[in-house]
Each structure stands twice: as C-alpha cells, then as structure tokens.
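Me: I'm new to this structure and would like to start with one small part of it. Could you pick a single residue, take a close look at its surroundings, and then lead me outward from there?

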Amino acid sequence: SKESWFPYFFQLMKIWSWIVLKSMGFCYKIEYEEKLNPKKQYIFCPNHVSFIDIPLSVLCLQNIPTTFVGKAEAARYPIFGYFYSRTMVLVDRNDPVSRKNVFSNAKKKLDNNHSICIFPEGKIPEYNTKLHPFKNGAFSLAIERGIEIVPITFLDNKKLMPDKKYRGRPGLLRAHVHKPIKTTNYNKKDIKAL
C-alpha cells in the first residue's frame with residue numbers, strides 16, 4: 001500500500017519464487033557475466049519461453065527491487081493476482097489505451113528508484129519459435145532514461161515446462177545474465193539497432 005514498502009515486498013517475491021520452483025521439482029543455476037550494482041537501475045530483458053520465467057527472473061535480479069511489466073490477465077489468479085495487480089505495471093494487450101499507458105506507468109516506477117523487467121517479445125511464443133520479434137518499449141525507455149539493459153537468457157525453461165497447460169517435468173533450470181548494455185550513446189533512431 002506504500003511505495004516505500006516495495007523493497008520489502010520484493011524480498012517476499014524472492015521467497016515466493018524459490019518456493020514455487022522448489023515445490024515443482026526445479027533447481028536452478030544462474031550465471032552472471034558481470035556483477036550487478038544494487039545501487040543502479042536496470043531494464044532487465046529476459047527471453048519469454050514458459051510460465052516459470054517469472055519466478056526464475058525474480059531470482060536472477062539479486063537484491064535489486066524490480067517492477068515487472070506483465071499481462072493484465074494474470075491479476076485474476078487467486079492470491080498471486082491480488083499482489084500482482086498492486087505492485088506491477090499491467091498491460092492489456094488487446095487495449096490500445098492500456099498499451100500506451102505502460103510507458104508512463106513504467107516511468108513512474110523508475111522515478112521511485114525501481115528497476116524494470118520487461119519481456120521484449122511481449123508473449124510466450126509457440127513451441128517451435130525460438131524468439132518472437134521484439135516490441136520497442138523496453139529499448140525506447142532505456143534510451144530515454146539512459147539506463148543499461150540487461151539481457152537474460154533462459155536455457156531450459158521451454159524444455160522442462162513447454163506448454164500453457166502447466167505440464168512439465170522437474171530438472172535444472174539454467175539462466176545466463178548477460179553483461180549490461182549501455183544506452184547513453186543511442187538515440188530514438190537507434191531503437192531497432194539496440
């Protein structure tokens with residue numbers, strides 16, 4: 001209920017993420033190309049391949065309070081949806097006004113010293129698709145604010161939990177957190193290149 005409480009809520013998100021993954025029989029291994037600075041803001045951009053991307057993303061973010069940009073439909077899930085709708089930037093992909101508001105809502109979170117996590121593909125692609133085309137939002141926001149982008153690659157999520165019916169199998173989830181990409185030398189014309 002208070003913006004100043006978000007860092008504490010984020011610690012609860014980490015516990016929730018650990019419980020979710022462990023209770024489903026997953027263990028995880030996260031590799032970092034470079035140590036992240038907990039005093040800096042980042043825009044995290046993981047590939048989106050499975051429903052287990054969110055809890056694994058949270059564990060990749062270390063102690064950096066981060067707001068997720070996520071689909072509005074997830075706010076309907078019991079218990080999870082209550083907290084999700086009050087702490088995240090929600091987007092209804094079928095509503096042009098909602099899509100437009102994401103940018104201003106994400107800026108407000110950045111103004112409150114949050115980092116942002118955006119799945120640039122915008123949705124989980126079909127099983128045979130390796131990577132969906134990226135939306136511009138994360139990159140436009142990073143350029144406008146001069147914030148570094150941190151790509152995250154999930155190597156096993158699709159293989160271990162491949163479909164939208166919550167079917168999968170236990171195993172090791174590997175995540176690779178790439179070196180931050182500086183955006184200060186880019187402008188709006190460079191979004192596609194970035």
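Reply: Let's start with methionine 24, which sits in the loop between helix H1 (6–23) and strand E1 (26–32). Please keep in mind that this is a predicted model. Is methionine 24 buried or exposed? The answer lies in between: its relative accessible area is 34%, so methionine 24 is partly exposed, the range for that label running from 20% to 50%. Leaving out residues up to four places away in sequence, methionine 24 touches Ile52, Met161 and Pro170. Glycine 171 is a good example of how the chain folds back on itself: 147 residues separate it from methionine 24 in sequence, yet their C-alpha atoms are 9.2 Å apart in space.

From the loop, step back into the helix before it. Serine 17 is found in helix H1. With a relative accessible area of 0%, serine 17 is buried. Setting aside neighbours within four places in sequence, serine 17 is in contact with Pro55, Val58 and Leu59.

Helix H1 also brings us to the aromatic rings. Two of its residues, phenylalanine 6 and phenylalanine 9, lie three residues apart, about one turn of the helix. How many aromatic pairs are there in the whole structure? A search finds four. In the pair of phenylalanine 6 and phenylalanine 9, the ring centres are 6.0 Å apart and the planes meet at 45 degrees, so this pair is tilted; a stacked pair would need planes under 30 degrees apart, and an edge-to-face pair over 60. Both phenylalanine 6 and phenylalanine 9 are buried. The pair of phenylalanine 134 and phenylalanine 139 is stacked, with 5.8 Å from centre to centre and 15 degrees between the planes. Phenylalanine 134 is partly exposed, because its relative accessibility is 43%, while phenylalanine 139, at 7%, counts as buried. Back in the first group, Phe6, Phe9 and Phe10 form one aromatic cluster.

Phenylalanine 139 makes a handy bridge to the next element, helix H5. The buried residues of H5 are Ala138, Phe139, Ser140, Leu141, Ala142 and Ile143. What do they pack against? Their partners are E2, helix H4 (96–111) and E6. Just after H5 comes glycine 146, whose phi is positive, at about 65 degrees.

Helix H5 takes part in a charged pairing too. As a general point, side chains of opposite charge can pair when their charged atoms come close. The structure holds eight salt bridges. One of them joins lysine 188 and glutamate 144, with 3.5 Å between the closest N and O atoms. This salt bridge ties together distant parts of the chain: lysine 188 is in the segment after strand E7 (171–177), glutamate 144 is in helix H5 (residues 137–145), and their positions lie 44 residues apart in sequence. Lysine 188 has 43% relative accessibility and is therefore partly exposed; glutamate 144 is partly exposed as well, at 37%.

Another salt bridge joins glutamate 148 and lysine 40, where the closest N and O atoms are 3.2 Å apart. Here again distant parts of the chain are linked, with glutamate 148 in strand E6 (residues 148–154) and lysine 40 in the loop between E1 and strand E2 (42–46), 108 residues apart. Glutamate 148 is buried, with a relative accessible area of 10%, whereas lysine 40, at 33%, is partly exposed. This pairing belongs to a network of salt bridges that links Lys40, Glu148 and Lys182. Lysine 159 and aspartate 156 form a further salt bridge, at 3.5 Å from N to O. Its two ends sit in contrasting surroundings: lysine 159 is partly exposed at 47%, and aspartate 156 is buried at 2%.

One last stop takes us to the cysteines, close to where we began in the sequence. The count of disulfides comes to zero. Cysteine 27 is in no disulfide, and the nearest cysteine sulfur, which belongs to cysteine 60, is 14 Å away. Cysteine 27 is partly exposed, with 35% relative accessibility. Cysteine 45 is in no disulfide either; for this residue the nearest cysteine sulfur is that of cysteine 117, at 7.4 Å. Cysteine 45 counts as buried because its relative accessibility is 8%, and the limit for that label is 20%.

Conventions
Residues numbered from 1 in each chain as written. Predicted model: local features only at pLDDT ≥ 70, side-chain atom pairs only at ≥ 80, totals over all residues. Heavy atoms only, no water. Helix = DSSP H or I, 4+ residues; strand = E, 2+ residues; numbered from the N terminus. Buried < 20%, exposed > 50% of the residue type's maximum accessible area, 1.4 Å probe, protein only. Contact = heavy atoms within 4.5 Å. Disulfide = S-S within 2.5 Å. Salt bridge = Lys/Arg side-chain N within 4 Å of Asp/Glu carboxyl O. Phe/Tyr/Trp six-rings, centres within 6.5 Å; stacked < 30°, edge-to-face > 60°.
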